[in-house]
Amino acid sequence: MNQDKQESLVKEWLVEALPYEVMWMNEDGNIVYANTKFCDRLGYKKSEVVKLSVFDINSTVTSESWKSHWEIVKKNKVHSFKGTHKNKTGKFYEVEVIAQFFSNNGKKLVCAIVNDISQSSFYKNLMDHTQTIAHVGGWKLNLQDGSLLATTEALKIFNTEDTDDLTPAKILHYFKDSEKVKNLFRGVMRKASSYDEILETKENPPRYIRASAKPVLKGDKVYKIVGVYQDVTQQKTKENALQLYKEIIDNAEDMIYVYNRNGDIIHYSNSLIKQLGFSNKHLDTYNIYDLDPGVTPEWWASHFDEIVTKGSLRFEWLVIRKDGTKFPVDITANHLRYNNEDYNCAVVRDVTERKIRDLKLYEALEEIKSLKERLENENEYLQEEISSKINADNIICRSDAYEKVLEQVNQVAPTETTVLITGESGTGKELLASALHTNSLRKDRPLIKINCATLPKELIESELFGHKKGAFTGAIADKVGKFSLADGGTIFLDEIGEMPIDLQSKLLRVLQEGEFDELGGTKTIKVDVRVIAATNRNLEEMIKEGAFREDLYYRLNVFPIYNIPLRARKEDIPLLAQYFLEKYSAKAGKAFKRLSKKTITALMAYSFPGNIRELENLIERAVIVESGTTLNPGQWIPNTDVLVSADDFKSFEAMQRDYIIKTLNYTNWRVSGNKGAATILNMKDKTLFAKMKRLGIEKQVGLKR
């Protein structure tokens, strides 16, 4: 025996076990069920009763009065009245009837509990039990003498044993909107207006009480009021929760469907209307076969069974809009079980943009594959794995020589030490300054950059230190200097060798004391600024010529970094060239992807006196004049008369030797100690002595210089 049939038998047994006469009627007044006690009281068999209607057992009922009675019971859910029934032999007897309205799975019925009024004690028992079962409490107020009668269940609903607590004057204080309750009582008393409302109590958490009342008239005057209270908190809470879930679903960006096993749409989110173009009228009557004509009953049955078995499925699909267009979606189908029925809750996400990205990626891969086959000679070089490092400041490096420079940057960056970057023009000294700042403790504060060579000499002081209004001709407003802007951060003074000699003392004061006076100002300004300077000039020669202060030089040259020229780091030329090729191809809308092997060979053979800046300009020019996906040699390649051989360059050991001698000259050939060359070069004393011996560095070499 299946579960549904078992439940039906249990319910029927419960009705049969009740000590009351019970019958069920549909909207037409036909009796659809009656228990044994009801049949025995009328003298009919069960098979005879279900062929009768309310008109057969109550001769006072007409079609119009039955319709009116049905609507009253439907509205109030519970309705009590007196009537006259006729048994099979034609004998009449008075009855009291409690009618309750039910709606289940689309079926609407009235259940009537019928009692012979002569059996008064039994009738009272029945009423009490019925109210308890239905959680309904009744009350009656006599307006003539002010007396109020209430059932036990009514008192129980309000947690009281005193009937007086249910009088209009007191009961309204149980509810949150007491003014509304007062108006409801006023309406039923003065205007004979019935009411049926759900009211919220003041409790925490609140409860919801259904309150119904109607007047009893004598002539045109109200002399009694009868009413019902019912605790509907559980039902109201469920309704609120369902409303919340519905709001969440309706506002979801993804499309959400709920199907039953037959493929009918039970519920859907509002996003379906927006994305598919169907109206509510369509969707309310549609099923899966209407939305997707390609789905067959056989496929749907198998699909539904798989969802029930696995609990959840994820797959891709094509969804059809009302206009016939299709778009790809990602579907997650979930199994739901409710009221002993299985449902498919499908969450559908539009993946059109993702598919477009996938298609573009596929096309790009196909293009690479095609180019790979067409350019086998070029591919030999491109297949080599290039080991490169690109830091946050776009410093591209793979050469050991430049690794030493970056190692110095990493050593000094976290400190507050002043740094002097030297080297030829175009070697990327500004990038090193940015790297020093980015990797310092001041990285969250600004890096202010000043190129001393581009500013007129008469404006450098104002630009660096600021001025007050009227400090000089043309100073029409206060100006904040770059040192003030850099407070807490870093200032980069590029081309420091171009700073006028008379301004160098003011810069020295900032470095030593951390303070300066702005032009036209009367107050000394304190700042906390780290200074990084750079130059392509020989400051030592400028000191001899009197063009640069010696004390400023030593204050700047606390940690010198020599930025080697491009010809000394040839291994980086292919990486830098590729980087610039991609950069300017994107700007120019060209399709260049790579450099040809011949192009790289030609670039590697060139000395690049303009260093990285010259290489960048060269590639930018090449992108403009050439076309295709591979950059081949052309007129943009420098003439052969400026090409040089590898013999023009010193070996790495020779460069090491020169740099060590330069450092020893700086320390007056002091190797050990805090101010010794070993400390500056970040190596042990013994290591430096060993390297000097190996490179043939002796003190007299420095003396000769």
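# A guided tour, starting at His69

Select His69 to begin: with a relative accessibility of 14%, this residue counts as buried. Here, buried means under 20% relative accessible area, exposed means over 50%, and partly exposed lies in between (1.4 Å probe, protein chains only). What you have open is a predicted model, in which local features need pLDDT of at least 70 and side-chain atom pairs count only at pLDDT 80 or more, while totals for chains, interfaces and linings use all residues. Residues are numbered from 1 along each chain as its sequence is written, and side-chain values use heavy atoms, with hydrogens and water left out.

Stay with His69 for a moment. Helix α5 (residues 63-76) is its home; helices (H or I, at least four residues) and strands (E, at least two) are DSSP runs, numbered from the N terminus. Which residues does His69 contact, leaving aside its neighbours within four places in sequence? Show His79, Phe81 and Ala99, and you have them. A contact means heavy atoms within 4.5 Å.

**Zoom out to the whole chain**

Now display everything. The chain has 705 residues, and 40% of them count as buried. Colour by secondary structure to see 30 helices and 28 strands. Take the contacts between residues at least 6 apart in sequence: 55% of them join residues at least 24 apart. If you turn on the surface, about 40200 Å² is exposed, with carbon and sulfur atoms supplying 51% of it. Such areas come from the Shrake-Rupley method with a 1.4 Å probe, and for residues only the protein chains shown count as cover.

**First sheet: β11 to β15**

Next, select the five strands that form an open sheet in the order β12-β11-β15-β14-β13, with antiparallel pairing. Two strands pair if DSSP finds at least two bridges between them. Look at the edges: β12 and β13 (312-320) each have a single partner strand, so one side of each is left without a neighbour in the sheet. On average, neighbouring strands of this sheet are turned by 30 degrees against each other, direction ignored.

Move to β13 and its antiparallel neighbour, strand β14 (residues 326-338): nine bridges join the two. To see one pairing, pick Arg314, whose bridge partner in β14 is Thr332. Then add helix α14 (residues 297-310), which packs on the sheet and touches β11, β13, β14 and β15. The direction of α14 makes about 150 degrees with that of β13; axes are lines fitted to C-alpha atoms, for helices over the stretch in contact, and angles run from 0 to 180 degrees between N-to-C directions.

**Salt bridges**

Select Asp342 and show its side chain. A salt bridge links Asp342 to Arg261, with the closest N and O atoms 3.6 Å apart. (The term means a side-chain nitrogen of Lys or Arg within 4 Å of a carboxyl oxygen of Asp or Glu.) Asp342 lies in strand β15 (residues 341-350) and Arg261 in the loop between β11 (255-260) and β12 (265-268), so the pair ties together parts that are 81 residues apart in sequence. Buried or exposed, where does Asp342 fall? Asp342 is buried, at 16% relative accessible area, while Arg261 is partly exposed, at 38%.

Asp342 also forms a salt bridge with Arg337, where the closest N and O atoms are 2.9 Å apart. Add Asp305 to the selection to complete a network of salt bridges linking Arg261, Asp305, Arg337 and Asp342.

The structure holds 31 salt bridges. For one elsewhere in the chain, go to Lys170 and Asp164, whose closest N and O atoms are 2.7 Å apart. Both ends are partly exposed: Lys170 at 37% and Asp164 at 36%.

**Second sheet: parallel strands**

Now select another open sheet of five strands, in the order β19-β22-β25-β18-β26, with parallel pairing. At its edges stand β19 (447-451) and β26 (559-562), each with a single partner strand, so one side of each has no neighbour in the sheet. From one strand to the next, the twist averages 20 degrees.

Inside this sheet, four bridges join strand β22 (residues 490-494) to strand β25 (residues 530-535). Pick Thr490 and look for Arg530, its bridge partner in β25. Helix α18 (residues 429-438) lies across β18 (419-422), β19, β22, β25 and β26, and runs at about 155 degrees to β18.

**Last stop: a surface patch**

Finish on helix α15 (residues 352-374), where you will find Ile368. Together, Leu361, Leu365 and Ile368 make a nonpolar surface patch of about 290 Å². Patches are made of residues with over 30% relative accessible area and no salt bridge; like charges are joined within 9 Å, and nonpolar side chains (Val, Leu, Ile, Met, Phe, Trp, Tyr) within 5 Å.
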